[in-house]
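Subject: Structure handover

Hello,

Here is the structure we talked about. Please open it next to this email and follow along.

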Amino acid sequence: MNEQMAAPLNTRAPQCPVPRPDLEQVLLGHGAGGRLTAELLDSVVLPALAGEELRGPLEDAADIPGEDGLVITTDGFVVSPLFFPGGDIGSLAVHGTVNDLAMRGAEPIALTVAVVIEEGMELDELRAVLTSLGTAARAAGLPVLAGDTKVVQRGHADKVFITTTGLGRRIPGLRPSAAGARDGDTVLLSGPIGAHGTAVLSTREQLGFTADIVSDSRPLHRLVRALAPLGEAVHTLRDPTRGGLAAALNEIALDSGVQITLDETALPIPGQVAAACGILGLDPLHVANEGCLVAFVPHERAQDALRLMRSRPEGVSAVSIGQVNGTRPGRVVIRTAIGGERTVDMPLGEQLPRIC
């Protein structure tokens, strides 16, 4: 996921005492998609780059000014390892870019690719990555129109880094936004969570889960197109990548100024993922995904939305996981299986670095 430029948001500051690292240096956690990432954007990136005309919520992709219906996004991929169960950095670069466009209600129409290669990388490995990227692009109906290739000295990169820019066109009727969630909305989730992050971690650390857990990496633009009949009733779409479902929902709660209440018993967490997270001490809500989305629609259209989502293979397991309600704007809470309630915080920083 990338971010459309936005004004600094004081509401993204820590909400309770947390361990404070030395913020005079960039940490791996600054790229993990949690609170540290938001702070880096607010304190360094956005003040330097965002002008008044770019003020707005953090989005996956942005409208091109003066070009009605055209949407643009860019994203960098630094996955370690390059190959993992269910995917690799090449296919992931395509899927991530397609999904960033889709979360703004756009279908992809063109892609550019920049590749930074480390001296010494085996050509067979590079060939496999790029072949996978090309195959994924063709499968998504997305031509690669331009690109760039650079080689850096040994030790100055980790084999290969990929940057993609995607151009898309709005699907008529759809204008979802991270700021669009409204009181009374139902929160829908298209499929299980936690598989991508645990699959990558298992491969990287050789933890032995690889036979059981496969990344959910896949394009979601056809699933979003299936929602087109609902038009503007699709208030918000977001794929919970870095920082997982917790980060995605906290961003939406802040940008929309609403409280989101989840039902713990409704969350689709595969048994293997739950077991792996239990062993590793991870919260599945903080683990990255690459092939599911959350959709916010009015309660009275929720069943229609579920029917449309389940009509697609990507959404066959779609479920309702919560509602937009409550009196604490910007907060995400979860009603637990034993009847309690707890806050779902934005993850602080590094939990699973370099997973997308």
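Below is what was found in it, starting with the whole chain and ending with one residue.

**Overall**

Please keep in mind that this is a predicted model. The protein has 356 residues, and 53% of them are buried. Its secondary structure comes to 8 helices and 14 strands. Now the contacts, counting those with a separation of 6 or more: 85% of them join residues 24 or more positions apart.

**The sheet of 5 strands**

One open sheet has 5 strands. Their order is β1-β2-β7-β5-β6, and the pairing is mixed. β1 (62-63) and β6 (144-152) are the edge strands, so each has a pairing partner on one side only.

Helix α2 packs on this sheet. The strands it touches are β2, β5 (106-118) and β7. The direction of α2 makes about 145° with that of β2.

Look next at the pair β2 (residues 70-77) and β7 (residues 160-170). These two strands run antiparallel and are joined by 8 bridges. To find the register, start from D75: its bridge partner in β7 is T164.

**Helices α2 and α3**

Helix α2 covers residues 89-102, and helix α3 covers residues 123-139. Their axes come within 6 Å and cross at roughly 30°. Angles under 35 degrees count as roughly parallel, and α2 and α3 are therefore roughly parallel to each other. The crossing is right-handed.

Which residues make the contact? From α2 they are I89, G90, S91, A93, V94 and H95. From α3 they are V129, S132, L133, A136 and A137. By type, the residues of this contact divide into 7 nonpolar and 4 polar, with no charged ones.

**The sheet of 7 strands**

Another open sheet has 7 strands, again with mixed pairing. The order is β9-β11-β8-β12-β10-β13-β14. At the edges are β9 (236-238) and β14 (341-343), each paired on one side only. Neighbouring strands in this sheet are turned by 25° against each other on average, with direction ignored.

Helix α6 (residues 244-256) packs on the sheet. It touches β8 (185-189), β9, β10, β11 (294-298), β12 and β13 (332-335). The direction of α6 makes about 40° with that of β11. Helix α8 (residues 302-310) lies across β8, β11 and β12. α8 runs at about 15° to β8.

Strand β10 (residues 260-263) is worth a look, with partners on both sides in the strand order. Here is how it pairs:

- With β12 (residues 319-324), β10 pairs in the antiparallel sense over 3 bridges. T261 stands opposite Q323 of β12.
- With β13, β10 runs parallel, and 4 bridges join the two. The bridge partner of L262 in β13 is I334.

**Helices α4 and α7**

Helix α4 (residues 195-205) and helix α7 (residues 271-280) form a second helix pair to inspect. Their axes come within 10 Å and cross at roughly 55°. α4 and α7 are therefore oblique to each other. This crossing is left-handed.

The contact uses A195, T198 and L201 from α4. α7 supplies V273, A276, C277 and L280. The residues here divide into 6 nonpolar and 1 polar, and none is charged.

**One residue to click on: L249**

L249 sits in helix α6. Is L249 buried or exposed? It is buried, because its relative accessible area is 0%, and the cut-off for buried is under 20%.

What does L249 touch, leaving aside its neighbours within four places in sequence? The list is V187, I260, L262, V294, F296 and V332. L262 is also the residue whose bridge partner in β13 is I334. To check a spacing, use L285. It lies 36 residues from L249 along the chain, and the two C-alpha atoms are separated by 9.9 Å.

**Where to start**

I would begin with L249 and its contacts, then follow β10 to β12 and to β13. After that, go to the α2 and α3 crossing and the α4 and α7 crossing.

Best wishes

How values were computed. Residues numbered from 1 in each chain as written. Predicted model: local features only at pLDDT ≥ 70, side-chain atom pairs only at ≥ 80, totals over all residues. Heavy atoms only, no water. Axes fitted to C-alpha atoms, helices over the stretch in contact; angles between N-to-C directions. Contact = heavy atoms within 4.5 Å. Parallel < 35°, antiparallel > 145°, perpendicular 65-115°, else oblique. Left-handed = near helix turned anticlockwise from the far one by under 90°. Nonpolar A, V, L, I, M, F, W, Y, C, P; charged D, E, K, R; others polar. Buried < 20%, exposed > 50% of the residue type's maximum accessible area, 1.4 Å probe, protein only.
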